[in-house]
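Biologist: I have a model open and want to learn how to read it. Can we go through it feature by feature?

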Amino acid sequence: MKMTGAELIIRLLERQGITTVAGIPGGAILPLYDALGASTQIRHVLTRHEQGAGFIAQGMARASGQAAVCLASSGPGATNLITAIADARLDSIPVVCITGQVPSAMIGTDAFQEVDTYGLTVPITKHNFLVDSVEELLDVVPRAFRIALSGRPGPVLIDVPKDIQNATIEFDEWPQPGCAEPAPQPADTALAAALALIAQAQRPILYLGGGVVHAGAAPLARELAETAGLPTVMTLMALGTLPETHLLQLGMLGMHGARCTNLALAECDLLIAVGARFDDRATGKVAEFCPNAAIVHIDIDASELDKIKTAHVALNGDVREVLGRLLPRLGAQADRRAWLARIGELKRDFPLKLDGRHNPRHHYGLIRATARAAGPAAIVTTDVGQHQMWAAQAYPLDRPRQWLTSGGLGTMGFGLPAAIGAALAEPQRPVVCFSGDGSILMNIQELATLAEEDLDVKIVLFNNGALGLVHQQQTLFYGGRLNASVFRGQPDFVRLAQAFGIRTIDLDAEPDVPDALAAAFAERGPCLIHATIGLEEKVYPMVPPGAANTDMIGG
Amino acid sequence: MNATRTVPAALAVLELTVNNHPGVMSHVCGLFARRACNVEGIICLPLGDGARSRIWLQVPDTDKLEPMTRQARKLEDVLEVIRHPDGHPVFAQLGAAVG
Ligand SMILES: Cc1ncc(C[n+]2csc(CCOP(=O)(O)OP(=O)(O)O)c2C)c(N)n1
Ligand SMILES: [Mg+2]
């Protein structure tokens, strides 16, 4: 076989099963775009900013669990991708980014649009490559996918100088597509120790993290909870792994978790952490997190074990495989009736108060009404702010990969492009994007992409005229000194969306919100749904930054 | 920021076997720099035909060492990490040469 480096990359992507990529062309990646144009398998989604392309790839990967690809040119194209890559790293999302680079001979000369993409992305990728020969592509492209998908998933970047895209290569055999490698297997003795701790525990809690979603382990986690009778908390990343209606579920823990959830954790004598990393938003002040609990920690990433809390039993492996080995060996369990009764008491006395949940002009009510209009098949993405935390608290999530949110990096601007990506990956599902008036403007240009692709994305815009979550923190912790958190001017979001060619509904002007939402969702395709939300509303309860989870305010 | 610093009393040595290519040093050194762990001494030499090299890192022997070792093991180009809690003679020899 004989072809150019650019054609080789495209064929290798096809062999990985890639059907959609997102990106923006530019000088240093034009050979690749030329080859891409000739592909009958891969469709290119032209975004309006490379960050949008990065988040579209993330949306595809988060919704499907498969690695997804984005493309950018050298220099500003590559730097524009950076936030989306860092976001993928912190949330362990398998994304393969391919960037063009100035020709090899010009690297290091401050050539036009030259930037050290490799150096810039070392700390934010799982691994990165600067390709230095066309032959290397045969190894690097499948390897990038293998790395992105193996162990704890993450982003991988391949920087390809223009001359290598243009160079010709002759070879005899295709490399195998890259796929996830087998995970480490914890020893039987460690498993037995975990089983013993679980069986003896009087007051156990199961703590599920995003790793459960990545591993496809939600059904097994549920089986563990049910078989052993374990009250279960979830991180922001794990929402949906146990349905909102499940009797054993205690919802989200941490900074904006329910009082009953954080109080129950403070009383537990065993914490079984599965694919969770004891993030500070989840634990609050670590020294006071589950102070009396032994810890069983299951994670595919050995460096997460003992990182924040020393585990009594650490099981390094794929959480689906480990749960699969634990479940058949779960023996008789300690009598948990008293503990379950105590949990019932806490839930009764300190529930999540979703005040106004029946009033669709209220934030919680609007989230609930949106969920009813969107139906159970919907995928939900969010931006970052109060609206995100309210949606995390109130949206009735009931399956993994239903909830896509920027957890680790907390990136405003994530919601819209991630929704586009989710809709590309799962075209049969409606996608709801909860956004804020601050966040939406961070990637507003992707409304053009959305209109062009005509995807079934409904944006519900919570307009409080402010950077609400910042406003809340300044109100509560900075003596009410509101600096730079309230907008003094704002675009007309409804007319703005219309200018992009997107249908709109302004709930402020609608006599009946549920009817208006039903009408919005009845029609396939993009729609921006605008609602004014009171700036006095807060996300409660709230653990002040740095405080113990039991020191919640409000709610 | 630039307060005078002294070499920590307890130093351990990490011995890494890595793939030998231009990016490896930045992956390895970046890992330590990002975690505010000062690498006191560093030696790197190619092995055999040069496909691999060996890096000896002299680092403070603190609580950070174990997590750092685990992080280093995760690097794609790092094939092996051996910990020498009591140091390694290469540094003594090099130290003698430097004077
Ligand atoms: C890119 C980025 N910049 C800044 C922040 C800090 N930040 C967190 S929430 C927030 C306000 C978000 O405002 P909006 O999207 O209107 O949401 P609201 O809180 O009002 O619902 C800000 C500025 C961030 N998370 N991401
Ligand atoms: Mg706002």
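Modeller: We will take strands, then helices, then pockets and cavities. Keep in mind that this is a predicted model.

Biologist: Start with a sheet. In what order do the six strands of the open sheet in chain A lie?

Modeller: Read a sheet by its pairings, not by the chain. Here the order is β16-β15-β17-β18-β20-β19 in chain A, and the pairing is parallel.

Biologist: Which are the edge strands?

Modeller: An edge strand pairs on one side only. In chain A these are β16 (403-404) and β19 (503-506).

Biologist: How many bridges join β17 and β18 of chain A?

Modeller: Six bridges, in the parallel sense. Strand β17 of chain A covers residues 431-436, and strand β18 of chain A covers 457-463. For one bridge, take Val432(A): its partner in β18(A) is Lys458(A).

Biologist: Which strands does helix α16 of chain A lie across?

Modeller: Look for the strands beneath the helix, then for the angle. Helix α16 (residues 386-394) of chain A lies across β15 (379-382), β16, β17 and β18 of chain A. The helix runs at about 135° to β17(A). Helix α17 (residues 415-425) of chain A also lies across β15, β16, β17 and β18 of chain A. Its angle to β17(A) is about 175°.

Biologist: Now a strand on its own. Which way do the residues of β2 in chain A point?

Modeller: Sort them by side, then check burial. From strand β2 (residues 20-23) of chain A, Thr20(A) and Ala22(A) point one way. Val21(A) and Gly23(A) point the other way. All of them are buried, meaning under 20% relative accessible area.

Biologist: What does β2(A) pair with?

Modeller: Strand β3 (residues 43-46) of chain A, in parallel, through four bridges. Thr20(A) stands opposite Arg43(A) in β3(A).

Biologist: On to pockets. What is the volume of the second largest pocket?

Modeller: About 1200 Å³. Next, ask who lines it. There are 42 lining residues, and the closest to the centre are Arg89(A), Asp301(A), Ser303(A), Gln71(B) and Lys74(B). The elements that give two or more residues to this lining are α4 (76-90) and α6 (137-149) of chain A, with α1 (24-34) and α2 (65-74) of chain B.

Biologist: Which element gives the most to that lining?

Modeller: α2(B), with six residues. By class, the pocket lining has 16 nonpolar, ten polar and 16 charged residues.

Biologist: Which residues of α2(B) are buried?

Modeller: Leu65(B), Met68(B), Thr69(B), Arg70(B), Gln71(B) and Ala72(B). So Gln71(B) is buried, under 20% relative accessible area, and is also among the residues closest to the pocket centre. The cover over the buried residues of α2(B) includes β1 (11-19), α1, β3 (52-60) and β4 (78-84) of chain B.

Biologist: How many cavities of 30 Å³ or more does the structure hold?

Modeller: Two. For each, read volume, lining and class. The largest has a volume of about 40 Å³. Its lining includes Asn262(A), Glu288(A), Phe289(A) and Thr550(A). The lining of the largest cavity divides into five nonpolar, three polar and one charged.

Biologist: What lines the second largest cavity?

Modeller: Gly54(A), Cys70(A), Leu81(A), Ala84(A), Ile85(A), Val95(A) and Cys97(A). The space in this cavity is about 30 Å³. Helix α4(A) gives the most to the lining, with three residues. By class, this second lining has six nonpolar residues, one polar and no charged.

Definitions and conventions. Residues numbered from 1 in each chain as written. Chains lettered and ligands numbered in written order. Predicted model: local features only at pLDDT ≥ 70, side-chain atom pairs only at ≥ 80, totals over all residues. Heavy atoms only, no water. Pairing = 2+ DSSP bridges. Contact = heavy atoms within 4.5 Å. Axes fitted to C-alpha atoms, helices over the stretch in contact; angles between N-to-C directions. 1 Å grid on protein atoms, 1.4 Å probe; cavity = no way out; pocket = protein on both sides within 12 Å on 5 of 7 lines; lining within 4 Å. Points joined across faces, edges and corners; volume = space filled by probe spheres on them. Nonpolar A, V, L, I, M, F, W, Y, C, P; charged D, E, K, R; others polar. Buried < 20%, exposed > 50% of the residue type's maximum accessible area, 1.4 Å probe, protein only.
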